[in-house]
Amino acid sequence: MSIGYIDWGGTHFRCVVEGSRPVSFEKPSQEVDIVHELKTLFLTQPDLSRIGISFAGQVKDDVILSAPNIAAKELDLGAIFKDKTIHVQNDLKCAALAEAAYWNEKNIAVLYVGTGIGSAYIDNGVLVQGCDNLAGEIGH
């Protein structure tokens, strides 16, 4: 079994797959059809069973709601790929979780200025999600 990691940002789409046949690629986000990309990955990587997606936009309960720079709206990848485990989270929330783990911190704030502006927070070891997972959405 292998695990795939996708960073679907406002500018770039990056994918890395761990396992017996490692795969890594990058392309412009605007050119990505995520369903096609995942179908291709699952066909070329038969041991791929789990994927984590960090998405530059609004996400709630593993469903992509929308994004200002990416043509994806109301997209439930788990419902499309029922036999796979797909977790989707806002990219800055993923960054906050990673930074908190790396620095072994229970309280951390992450601010990022790139294609857009985002932030995320860990409070007492818990990801701050807010109403509809929108905590940290500070602008574009």
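In the next few minutes I will go through the salt bridges of this structure, which is a predicted model.

Let me begin with the general idea, which is that side chains of opposite charge can pair when their charged atoms come close. In this model the count comes to four salt bridges, and I will take some of them in turn.

Please look at arginine 14, which forms a salt bridge with glutamate 26, with 3.5 Å between the closest N and O atoms. This pair links distant parts of the chain, since arginine 14 sits in strand E2 (residues 12-17) and glutamate 26 in strand E3 (residues 23-28), 12 residues apart. Arginine 14 is partly exposed, at 34% relative accessibility, and glutamate 26 is also partly exposed, at 47%. These two residues do not stand alone, as Asp7, Arg14 and Glu26 are linked in a network of salt bridges.

Strand E3 comes up again in the next pair, where the side chains of lysine 27 and glutamate 37 meet in a salt bridge at 2.7 Å, N to O. Glutamate 37 belongs to helix H1 (residues 34-44) and lysine 27 to strand E3, so the salt bridge ties together parts that are 10 residues apart in sequence. Is glutamate 37 buried or exposed? With a relative accessibility of 9%, glutamate 37 counts as buried, because that value falls under 20%, whereas lysine 27, at 25%, counts as partly exposed.

Finally, lysine 60 and aspartate 132 meet through their side chains in a salt bridge of 2.9 Å, N to O. Lysine 60 lies in strand E5 (residues 58-60) and aspartate 132 in the segment after strand E10 (126-127), so parts that are 72 residues apart in sequence are tied together.

Notes. Residues are numbered from 1 along each chain as its sequence is written. This is a predicted model: local features need pLDDT of at least 70, side-chain atom pairs count only at pLDDT 80 or more; totals for chains, interfaces and linings use all residues. Side-chain values use heavy atoms; hydrogens and water are left out. Helices (H or I, at least four residues) and strands (E, at least two) are DSSP runs, numbered from the N terminus. Buried means under 20% relative accessible area, exposed over 50%, partly exposed in between (1.4 Å probe, protein chains only).
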